[in-house]
Amino acid sequence: MTAATSPIISTVQPISRRVHDRLGPIARRFSHENGAADVLPADLTDLEVVTGFGSTNAPTAGTLSVMIGIIELQQRLGVPMTVIVSELGAWNSRNVAWADLLRVRDQMLAFLRAIGFDENRGELRTHLHEGNLTRAGRIARYLTPTDLAEHCEDLNDLYDSHGLLGGEVGLTVDSLYTVADILGPAENGARNILMVSGMEEAYFTQLARIVLERQRTAGDLSLGWEAEVGAVYFRVIGGLGGYPKMSKSIPASAIHLGMNADDLRARILSDAPADQPALFSAIDLASGWGDAQIRAARSSYDARDADPITWAQVKSDYLDTFVGYADQWKRCAR
């Protein structure tokens, strides 16, 4: 059975009312889901959450929004959560020096702790993890080259045009590591797994389901895993200058925590029309501001043509906030 004909492939849908009610106020951070309602029972029984980050560069506003979001999700759900900073996956899928990947990895781990990730209720780990590497080897037999060709990131062509992608085998290895991440709770006996990611990574949900279904029907070659995988996908922060997303791999598209205050000022206070939707999205999702302040920012954004001064003040306030996060990022360096 190929991925194209498999009945386990479900359609990504906007967040349902049931999932919205389970997530409460933080549901606004998510745009779509894929089977999340099935793994979010009212009592959250046997639920584990899996998410992660690549360590290719300092976090963009988009990555910062996800970091803030997973901490809010951890507080909301109160279930085990694993966050992976995937240096070995990034080594295989992106053209970044190993030493740089390790440096950013360690800084990311420290930053997540600094902004509130609770290691008493969750695990921070990397891809240099014996259990995950073994699991990746065990699941490889259930996937075909066709599966991996049909389920891949939509932005790969964009990244490839910028000379950012690793080789074909490396991309396969990265996919295996990430699917192994998602299925870690299944190996440990969990029945419900919630994957949390950006929409561009939705294909990993499908690959994890293919593995689960094929091992269930593999007879003596089954792993005995009985879990179900659902997913919620974070809203995307668009890139500056009209790029589809803020990407740390495409510097012109983003503001990121490694930038100095002068460069951040130039980008966040930009008046370029193409930059404004991305800047508001960053304010909305990657500020940590309260609901009232976000509502006021939205009103200023909507009225920016008639009242540019108020919108400029909102961006100035956000500049101060983002510089604060950038300073904290720098303090987390070794």
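Leaving aside neighbours within four places in sequence, which residues is Gln276 in contact with? The contacts are Ser270, Asp271, Tyr301, Arg304, Trp311 and Lys315. Gln276 belongs to helix H11, which covers residues 276-285. Gln276 has a relative accessible area of 5%. Buried means under 20%, so Gln276 counts as buried.

The model shown here is predicted. The chain averages a pLDDT of 90. A score of at least 70 is reached by 92% of the residues. Among the elements of the chain, helix H13 has the highest mean pLDDT, at 98. The lowest, 50, belongs to helix H7, residues 156-161. Over residues 1-9 the pLDDT is below 50. Beyond near neighbours in sequence, this stretch has 18 contacts in the model.

Turn next to Arg29. Its place is the loop between helix H1 (17-23) and strand E2 (30-34). Is Arg29 buried or exposed? Arg29 counts as buried, because its relative accessibility is 4% and the cut-off for buried is under 20%. Its side chain reaches the backbone oxygen of Ser65 at 3.4 Å. Ser65 is also one of the residues that Arg29 touches, not counting those up to four places away in sequence. The others are Ile68, Gly69, Glu72, Tyr233, Phe234, Arg235 and Leu285.

Now follow helix H4. This helix runs over residues 98-114 and has 17 residues. From its first C-alpha to its last, H4 reaches 24 Å. That is close to the 24 Å expected at 1.5 Å a residue. The buried residues of H4 include Leu101, Val104, Met108, Leu109, Phe111 and Leu112. Arg105, Asp106 and Gln107 are buried in H4 as well. What covers these buried residues? The cover includes strands E3 (47-53), E4 (81-85) and E5 (122-126). It also includes helices H2 (61-77), H3 (87-93) and H13 (308-331). Just after H4, Gly116 takes a positive phi of about 125 degrees.

Two of those covering strands deserve a closer look. E4 and E5 pair in the parallel sense, over 5 bridges. In E5, Arg125 is the bridge partner of Ile84. E5 is mostly covered, with 4 of its 5 residues buried.

The loop between H2 and E4 holds Pro80. Pro80 has a relative accessible area of 44%, so it is partly exposed: exposed would need over 50%, and buried under 20%. Neighbours within four places aside, Pro80 is in contact with Leu47, Glu48, Val49 and Arg121. Glu130 lies 50 residues from Pro80 in sequence. In space the two are 20 Å apart, C-alpha to C-alpha.

Last come the nonpolar cores. In soluble globular proteins, nonpolar side chains tend to be buried together. The largest core here has 69 residues. Which of them touch the most other members? They are Leu194, Ile255 and Tyr318. Ile255 is in contact with Tyr318, and also with Leu240, Met246, Leu264, Ile268 and Phe322, among others, leaving aside neighbours within four places in sequence. Pro59, Thr60, Ala61 and Arg267 are in contact with Ile255 too. Apart from this core lies another, of 31 residues. Among its members are Ile84, Leu183, Ala202 and Tyr203. Ile84 has appeared already, as the bridge partner of Arg125.

Technical notes:
Residues are numbered from 1 along each chain as its sequence is written. This is a predicted model: local features need pLDDT of at least 70, side-chain atom pairs count only at pLDDT 80 or more; totals for chains, interfaces and linings use all residues. Side-chain values use heavy atoms; hydrogens and water are left out. Helices (H or I, at least four residues) and strands (E, at least two) are DSSP runs, numbered from the N terminus. The expected span of a helix is 1.5 Å times one less than its number of residues. Buried means under 20% relative accessible area, exposed over 50%, partly exposed in between (1.4 Å probe, protein chains only). Contact means heavy atoms within 4.5 Å. A nonpolar core is a set of buried Ala, Val, Leu, Ile, Met, Phe, Trp, Tyr and Cys residues joined through side-chain atoms within 4.5 Å. Two strands pair if DSSP finds at least two bridges between them. pLDDT is the predictor's confidence in each residue, from 0 to 100. A polar contact is a pair of N or O atoms within 3.5 Å; within protein, one must be able to donate a hydrogen and the other to accept it, and residues adjacent in sequence count only if both atoms are side-chain atoms.
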